[in-house]
Amino acid sequence: MRLLRHRTVVFLLVVAALAAGWETYTTLAAPRRLAPELAAALAREPRVNVTVRLGFAPEEFHIRLFQGYGVVRGVQGTTVLLDRVRAEDVGRLARYYWVRMIALQ
Amino acid sequence: MWAAAAALLPLPDYYLPPPTAVIAAFVELVAKGILPAYVGESLRRILLAAVFGLLVGVPIGVLLGMSRRVADFFHPILNFFQSVSGVAWLPLMLVWFGFGERTILIAVNYTVLFPVIFNALLGVRSVPPLYVNALRTLGAGRWRIVTDVVVPGALPSIATGLRLGLAYGWRALIAAEMLVGAHGLGFMIFNAQNFHLTARIMLGMGIIGTLWLLLDYFLLRPLEEATIARWGLVQR
Amino acid sequence: MSSLARTLRGAAPFAALLAAWTLVTRAGLVSPLFLPPPSDVLRVAWEQALDGSLWINLAASLGRVLLGIVVSVPLAVALGVVVGLNRRLAPVVEPIVGFFNALSGIAWLPLAITWFGLGWASVTFIMFNTIFFLVFFNTLVGVRTVPRIFEQAVRTMGGSRRHVILQVLIPGAMPSIVTGLRLAIGFGWRALIAAEMIATSTGLGFLIYNAANFHQSDTILVGIITIGLLWLLTDRLLLQPLERRTIERWGLVSNAP
């Protein structure tokens, strides 16, 4: 049991706990970021055009990230216009904690 | 002291940003999700290299170390390849695989691998033949000798090899990320330099140093000390 | 065993490697663009030796390493001893130096470029940095961990403070210092190559990175082999004799390979 108090074990346990807690939080918080009409649109079509609103002006990092999920049509202030996003990718986008709201274009 | 220097010296902010700017950069980058992503990338890569180094390096090193003649034969070559770090191989890797994640992983895995092989080999060679012979006279088969005596005896050396390999590997990773540019902390600080975001550079540097210290203090050094304490046969 | 025999023994594995390399390329297993045969590499090496470009780059890299060593090491050892002796200063300084030690090397490059621009100044700064902190840290730790009993023994025999320093602390710290030196030069070389790739236009690092842009695998291999050989030479001619003379002379156990 002395092993459990060794700094390595404590460190790893803390890291694991934090990681698990964070994953839970993002998974639970994600649906709230989706606009209600989005769910209906996703049921109808395989790909949707969305607006992704952030809390800040997107940087190169974010644009490149979005390009992995769809076609970046443009940026308006703190909002990115993203075309042809698949349903499951919309969910993935919503899990990023720095995304404020995803809505239909 | 730093804050005083930043305030007093007549230098533009991008030359020596005050500590408050660095803290602000930290908050900003976390809020934007950039920092966690880059930190995660770098950590993922170094952990992959650690796993690879252990899984591949230890068996090879032990195997090569089992025979004195084989070990002596490979000693200079391993030494040579260990000293040509992964970063030196990067240009060749760029020709072979282009700019991408794979190139970075290959370079870093290589860097971690050789110290592990080398030290595993040395560890095996440092097991006193007395122990091996004792087990043999008791009728133990070759496999049992390996698992009961050779590998435990080599563990302190292997732990040292892993620590050294990761020390080289972490730095090689940062360098590779600067050169190849597929995200990561190295890319972050290099990119920040292009935009004169010096606060971000300093932040990145601080995180790079801190991450290594955390890794070393909580994982690598305890591992090394534990193996020495438990299986250490040779005085270091 | 005679020295010649030992050298041949050392060279044998490389000969085997060379043979394997020739075989693989001659058998056409890999495209010459990926792995050029040794004859190509030798040809390029010869050309570069003749037109001087090899020597320029080699001298640039080696010069930076030597400059880094010559400037940083004495300073680092001196500071390490001075701080290590001061019992109040040492515990404060040690973690700070340890942190900068962990940070050493290529991570400083973007900052160095901001301060000094591209070119040899940034690269040399990185060298100083890397070597200095490593040797400083190891000297500091080495001096601090010399058992007090030795110091007290010399004092009881009537030795002055200078005696204590010269005859107890420095020899006692030697293994740590020499290990630090070895590590420092190792890390220093690596940081140098990486820095040369990014920030300057002479040196072996630049040579191989530039060659990659033109897909000149043979030039790259020339560079890589040169780097490896230089390190082996430094290690064999400089560090191992140093280790032998200091550590074995004072009868202390040496570290690792």
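Where chains A and B meet, 11 residues of chain A and 7 residues of chain B are in contact (C-beta atoms, placed from the backbone, within 7 Å). On the chain B side, helix α10 (residues 198-231) gives the most, with 3 residues. This is a predicted model, where local features need pLDDT of at least 70 and side-chain atom pairs count only at pLDDT 80 or more, while totals for chains, interfaces and linings use all residues. Residues are numbered from 1 along each chain as its sequence is written, with chains lettered from A and ligands numbered from 1 in the order written.

**Chain B**
- Chain B has 10 helices and 0 strands (DSSP runs: H or I, at least four residues, for helices; E, at least two, for strands; numbered from the N terminus).
- Its C-alpha trace spans about 75 × 40 × 30 Å along its principal axes.
- Of the 236 residues in chain B, 50% are buried (20 or more other C-beta atoms within 10 Å of their own, C-beta atoms being placed from the backbone).

**Strand β1 of chain A**
- Take strand β1 (residues 47-54): A:V48, A:V50, A:V52 and A:L54 point to one face and are buried, while A:R47, A:N49, A:T51 and A:R53 point to the other and are not.
- In a regular strand, side chains alternate between the two faces of the sheet.

**Partners of β1 in chain A**
- Strand β3 (residues 79-86) pairs with β1 (pairing takes at least two DSSP bridges) in the antiparallel sense over 6 bridges, and A:V48 has A:V85 as its bridge partner there.
- Strand β4 (residues 99-104) also pairs with β1 in the antiparallel sense, over 5 bridges, and A:T51 is bridged to A:A103.

Notes
A residue is buried if 20 or more other C-beta atoms lie within 10 Å of its own, exposed if 12 or fewer, and partly exposed in between; C-beta atoms are placed from the backbone. Two residues are in contact if their C-beta atoms, placed from the backbone, lie within 7 Å.
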